[in-house]
Amino acid sequence: MEILVAEHSGFCFGVRRALKLAEEATSKGDSKVYSLGPLIHNRQVVEEFEARGLHVVESLNDVPSGATVMIRAHGTGPEVYELAEAHNIRLIDATCPFVKRVQEEAAHFAEEGYQVLVLGEPNHPEARGIVSYARGQATIVEGPKDIKNLALRPRVAVVCQTTQRLSNLQALVEVILPDVQELRIANTICEATVSRQKASLGLTREVDLMIVIGGYHSANTTRLAQICASTGTPTYHIETAGEIDPGWLDGVSRVGVTAGASTPRQAIEAVVERLQQLKDAKSVARDW
Ligand code: SF4
């Protein structure tokens with residue numbers, strides 16, 4: 001059996017940057033360092049940082065005055081910055097610059113009077129943060145099916161959560177366009193997402209089985225698994241190597257491996273090692 005690892009698997013630029021900032025913040029031995037929500041959608045990494053003193057909180061109301069709080073790569077709404085200033089809380093802002101761009105586009109369109117639609121997941125912190133920047137003028141939609149429940153205004157603008165699929169944006173635009181006078185679109189899907197999705201899709205077509213590694217709460221990993229599964233190739237989404245069922249490999253001669261943007265390299269290596277042990281397999285690494 002051959003094991004092929006997709007290009008661009010694992011940590012993206014924004015996650016690497018957030019982890020570097022978290023390492024710097026926790027290396028000073030300060031016990032009052034917090035993360036507003038889990039730093040990344042990877043349980044193992046979050047637990048590692050918890051042990052180093054980065055405590056996860058759900059609200060700024062849960063931290064003492066004078067504390068340091070990290071804003072994660074997904075970003076947050078402007079009200080959090082205002083609250084931090086009022087409560088003398090120091091922020092370390094790890095918002096990915098690509099997420100910042102979406103926030104700015106949403107704010108700009110709202111100021112210009114457009115009805116802003118955020119193509120994203122209603123409960124995802126990145127999407128909720130983007131909505132806050134539009135100061136109440138934005139609605140999150142998951143795709144074309146949500147449009148029929150909306151009263152569209154004549155001037156509509158669309159921005160996307162950075163981990164969306166281009167095909168979903170295209171389908172949304174097609175449904176909106178006949179019903180509006182003006183439609184502005186900011187394709188804010190980030191390059192790291194596009195290249196990871198393309199590489200995984202290409203690899204899925206070459207193999208008998210795909211394994212997608214990443215947190216179950218990770219939007220981009222879930223999307224990767226959906227993309228791989230859409231080809232008809234059997235696909236399994238796992239968090240750790242221990243979840244691989246040896247039965248999955250029966251009759252498989254090539255297995256593909258890919259990983260979401262918040263998956264550490266060690267997790268990918270552990271999966272490759274386990275596959276090698278189970279099937280005496282040869283690993284054909286790509287540039288990941
Ligand atoms: S997936 Fe893209 S937008 Fe999100 S953190 Fe990574 S690089 Fe930034």
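Q: In this predicted model, which residue of S9 is the bridge partner of Arg-155?
A: Strands of a sheet pair through backbone hydrogen bonds, either parallel or antiparallel. Here Arg-155 has Glu-182 in S9 as its bridge partner. A second such pair joins Ala-157 to Arg-184 of S9. Strand S8, residues 155-160, and S9 are paired in the parallel sense, with 5 bridges.

Q: What is the strand order of the open sheet that holds S8 and S9?
A: The order of this sheet of 4 strands is S7-S6-S8-S9, and the pairing is parallel. At the edges stand strand S7 (138-141) and strand S9 (182-186); each has a single partner strand, so one side of each is left without a neighbour in the sheet. From one strand to the next, the twist averages 25 degrees.

Q: Which helix packs on that sheet, and what angle does its direction make with that of S8?
A: Helix H6, residues 166-176, packs on the sheet and touches strand S6 (115-119), S7, S8 and S9. The direction of H6 makes about 170 degrees with that of S8.

Q: How many bridges pair S6 with S8?
A: S6 and S8 are joined over 5 bridges, in the parallel sense. One pair to look for is Val-118 with Val-159, its bridge partner in S8.

Q: How many of the residues of S8 are buried?
A: A residue counts as buried if 20 or more other C-beta atoms lie within 10 Å of its own. In S8, 5 of the 6 residues are buried, so the strand is largely enclosed by the rest of the structure.

Q: Is Glu-105 buried or exposed?
A: Glu-105 lies in helix H4. Because 24 other C-beta atoms are within 10 Å, Glu-105 is buried.

Q: Which residues does Glu-105 touch, leaving out those up to four places away in sequence?
A: Glu-105 touches Val-159, Ala-186 and Thr-188. Val-159 has already appeared as the bridge partner of Val-118. A distance can be read here too: the C-alpha atoms of Glu-105 and Cys-160 are separated by 9.9 Å, with their positions 55 residues apart along the chain.

Q: What is the strand order in the open sheet that includes S4 and S5?
A: This sheet has 4 strands in the order S3-S2-S4-S5, with parallel pairing. Strand S3 (54-57) and strand S5 (90-93) are at the edges, each with a single partner strand, so one side of each is left without a neighbour in the sheet. The twist averages 30 degrees from one strand to the next.

Q: How many bridges pair S4 with S5, and what packs on this sheet?
A: Strand S4, residues 68-71, pairs with S5 in the parallel sense over 4 bridges. In one of the pairs, Thr-68 has Arg-90 of S5 as its bridge partner. H1 packs on the sheet, where it touches strand S2 (33-36), S3, S4 and S5. The direction of H1 makes about 170 degrees with that of S4.

Q: Which residues of S11 are on its covered face, and which on its uncovered one?
A: In strand S11, residues 235-238, the covered face has Thr-235 and His-237, while the uncovered face has Tyr-236 and Ile-238. Strand S10 (residues 209-213) runs parallel to S11 and is joined to it by 4 bridges. Val-212 stands opposite His-237 in S11.

Q: Which residues come nearest to the ligand?
A: Of the 15 residues around the ligand, Cys-12, Gly-14, Cys-96, Thr-162 and Cys-190 come nearest. The shell comprises 10 nonpolar residues, 5 polar and no charged.

Q: Which helices each supply at least two residues of that shell?
A: They are helix H1 (13-26), helix H4 (97-111) and helix H7 (191-204). H1 gives the most, with 3 residues. H1 is also the helix that packs on the sheet with S2, S3, S4 and S5, and H4 is the helix that holds Glu-105.

Q: How many helices and strands does the chain have, and how is its overall form read?
A: The chain has 9 helices and 13 strands. Its radius of gyration is 21 Å, close to the 19 Å that the globule rule gives for 288 residues, so the chain is as compact as a globular protein of that length. Along the principal axes, the C-alpha atoms fill a box of roughly 60 × 55 × 25 Å. Of the 288 residues, 42% count as buried.

Q: What percentage of the contacts between residues at least 6 apart in sequence join residues at least 24 apart?
A: In this chain, 74% of those contacts do.

How values were computed
Residues are numbered from 1 along each chain as its sequence is written. This is a predicted model: local features need pLDDT of at least 70, side-chain atom pairs count only at pLDDT 80 or more; totals for chains, interfaces and linings use all residues. A residue is near a molecule or strand if its C-beta atom, placed from the backbone, lies within 6 Å of it. Ala, Val, Leu, Ile, Met, Phe, Trp, Tyr, Cys and Pro count as nonpolar, Asp, Glu, Lys and Arg as charged, and the others, Gly among them, as polar. The radius of gyration is taken over C-alpha atoms; the globule rule is 2.2 Å times the number of residues to the power 0.38. A residue is buried if 20 or more other C-beta atoms lie within 10 Å of its own, exposed if 12 or fewer, and partly exposed in between; C-beta atoms are placed from the backbone. Two residues are in contact if their C-beta atoms, placed from the backbone, lie within 7 Å. Two strands pair if DSSP finds at least two bridges between them. Axes are lines fitted to C-alpha atoms, for helices over the stretch in contact, and angles run from 0 to 180 degrees between N-to-C directions.
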